[in-house]
Amino acid sequence: MAAAPRIAKRLAAWWEANARDLPWRFGRATPWGVLVSEVMSQQTQMSRVVPYWQAWMELWPDASALAGASTAEVITMWGRLGYPRRALRLQECAQAVSERYADELPRTYERLVALPGIGDYTASAVMSFAYGKRVAVIDTNIRRVLSRVFLGKESMGGAASAAERALANTVLPQDPSASVMWNQAVMELGAVVCAAKKPLCERCPIAGECLFLESGLPGLGEKRTRPRQRFQGTDRQVRGIVLNALRGLSSEHASSQPRTTAAASRAHAAAPRSLPREQVESLWKDHVQLDSCIASLDEDGLIEILPDGSLRLPR
Ligand code: SF4
């Protein structure tokens, strides 16, 4: 690991010149805004998250604003970010921050990780990116880059191992502000240069220090995890179709009303319109799969099934 300080220097220079100008970076967002960006970016590319994050933060700039929103509007605003249970967990988190901490996001890892829906990654990211603390942030991109550069092999996916955590802590710069830059730069390198399948080694600022490149990229792209499930025809697709139909009703309804303030928009969302059963059935041919997906959305608290079989977003 003797190369770590040299690598940190090169990465810092690369970060200064190449970091994407995302609106929650460079101290422009509150700790709550940073947390929202991290939750939205899980399983969704950061560049796709930007317009959703901007609209969300404009409507609900802090935890207490989100805590008071209707479930229907939270699901509608989540739009096509995917995995919509994240939106409901984020609202539960907002309610906890608003009630337990008077709208101030906690400043310790232990308190952050105890909030609903906040795991090790998000708590570490907030400690580092929002509070500038020396904490190793460990996500898929960081694990891939560190394993390649320092061990000369692919990270195997699955849960982070103790050895991967130890490596991340060992190479993390001691100085807190340098550690923040390190976390951001390694993550960014993994997102835009050191990609999983086709790393752009010829453009990489640390190519001269990378053991993986030196060894000829052995087993490039190898993973222990299952290959990604195709999307077409899956329950995920059907759930998305149902939710989109309900969101469409909700936004049609809202746009037909004057929306001057966040409070007004919440009031409109408090009475979501319902989708009649015949229209629900036209959404997907396989009605057995459709009904099972509707039941799972209902169990997740993302929709409500009315006695006549019509559906609506929760109030
Ligand atoms: S040299 Fe290639 S494999 Fe090594 S860190 Fe850079 S992009 Fe990744």
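**Exercise 1. The ligand and its surroundings**

Find where the ligand sits in this predicted model, and work out which classes of residue form the shell around the ligand.

*Solution.* Begin with the site itself: the ligand sits in the largest cavity. Next, list the residues around the ligand, which are Arg 148, Val 149, Cys 194, Pro 199, Cys 201, Cys 204, Ala 207, Cys 210, Phe 212 and Leu 213. Then look for the elements that give two or more residues to this shell, and you will find α9 (140-151) and α12 (211-214). Finally, sort the shell by class, which yields 9 nonpolar residues, no polar ones and 1 charged residue.

**Exercise 2. Cysteines of the shell**

Decide whether Cys 204 and Cys 210 are buried or exposed, and state how many disulfides the structure holds.

*Solution.* The cut-off needed here is that buried means under 20% relative accessible area. Cys 204 has a relative accessibility of 19%, so Cys 204 counts as buried. Cys 210 has a relative accessible area of 12%, and therefore Cys 210 is buried as well. For the second part, recall that a disulfide is a covalent bond between the sulfur atoms of two cysteines; the structure holds 0 disulfides.

**Exercise 3. Salt bridges between distant parts of the chain**

Describe how the pair Glu 188 and Arg 20 and the pair Asp 300 and Arg 85 are joined, and say where the partners lie.

*Solution.* Side chains of opposite charge can pair when their charged atoms come close. In the pair Glu 188 and Arg 20, the side chains meet in a salt bridge with an N to O distance of 3.0 Å. Glu 188 belongs to helix α11 (residues 176-192), whereas Arg 20 is in the loop between α1 (4-18) and α2 (31-41), 168 residues apart. Glu 188 is buried, at 2%, while Arg 20 counts as partly exposed, at 25% relative accessibility. Both also belong to a network of salt bridges that links Arg 20, Arg 25 and Glu 188.

Turning to Asp 300 and Arg 85, their side chains meet in a salt bridge at 3.4 Å, N to O. Because Asp 300 lies in the loop between α16 (287-299) and β2 (304-305) and Arg 85 in helix α6 (residues 85-100), the pair ties together parts that are 215 residues apart in sequence.

**Exercise 4. A salt bridge within one helix**

Explain how Glu 92 and Arg 89 are placed in helix α6.

*Solution.* The two residues are 3 apart in helix α6, so Glu 92 and Arg 89 are separated by about one helical turn. Their side chains meet in a salt bridge of 2.7 Å, N to O.

Methods: Residues are numbered from 1 along each chain as its sequence is written. This is a predicted model: local features need pLDDT of at least 70, side-chain atom pairs count only at pLDDT 80 or more; totals for chains, interfaces and linings use all residues. Side-chain values use heavy atoms; hydrogens and water are left out. A residue is near a molecule or strand if one of its heavy atoms lies within 4 Å of it. On a 1 Å grid over the protein atoms alone, a cavity is a set of points where a 1.4 Å probe fits but cannot get out, and a pocket is an open set with protein on both sides within 12 Å along at least five of seven lines; lining residues have an atom within 4 Å of a point. A molecule sits in a cavity or pocket if more than half of its atoms lie within 2 Å of its grid points. Helices (H or I, at least four residues) and strands (E, at least two) are DSSP runs, numbered from the N terminus. Ala, Val, Leu, Ile, Met, Phe, Trp, Tyr, Cys and Pro count as nonpolar, Asp, Glu, Lys and Arg as charged, and the others, Gly among them, as polar. A disulfide is a pair of cysteine sulfur atoms within 2.5 Å. Buried means under 20% relative accessible area, exposed over 50%, partly exposed in between (1.4 Å probe, protein chains only). A salt bridge is a side-chain nitrogen of Lys or Arg within 4 Å of a carboxyl oxygen of Asp or Glu.
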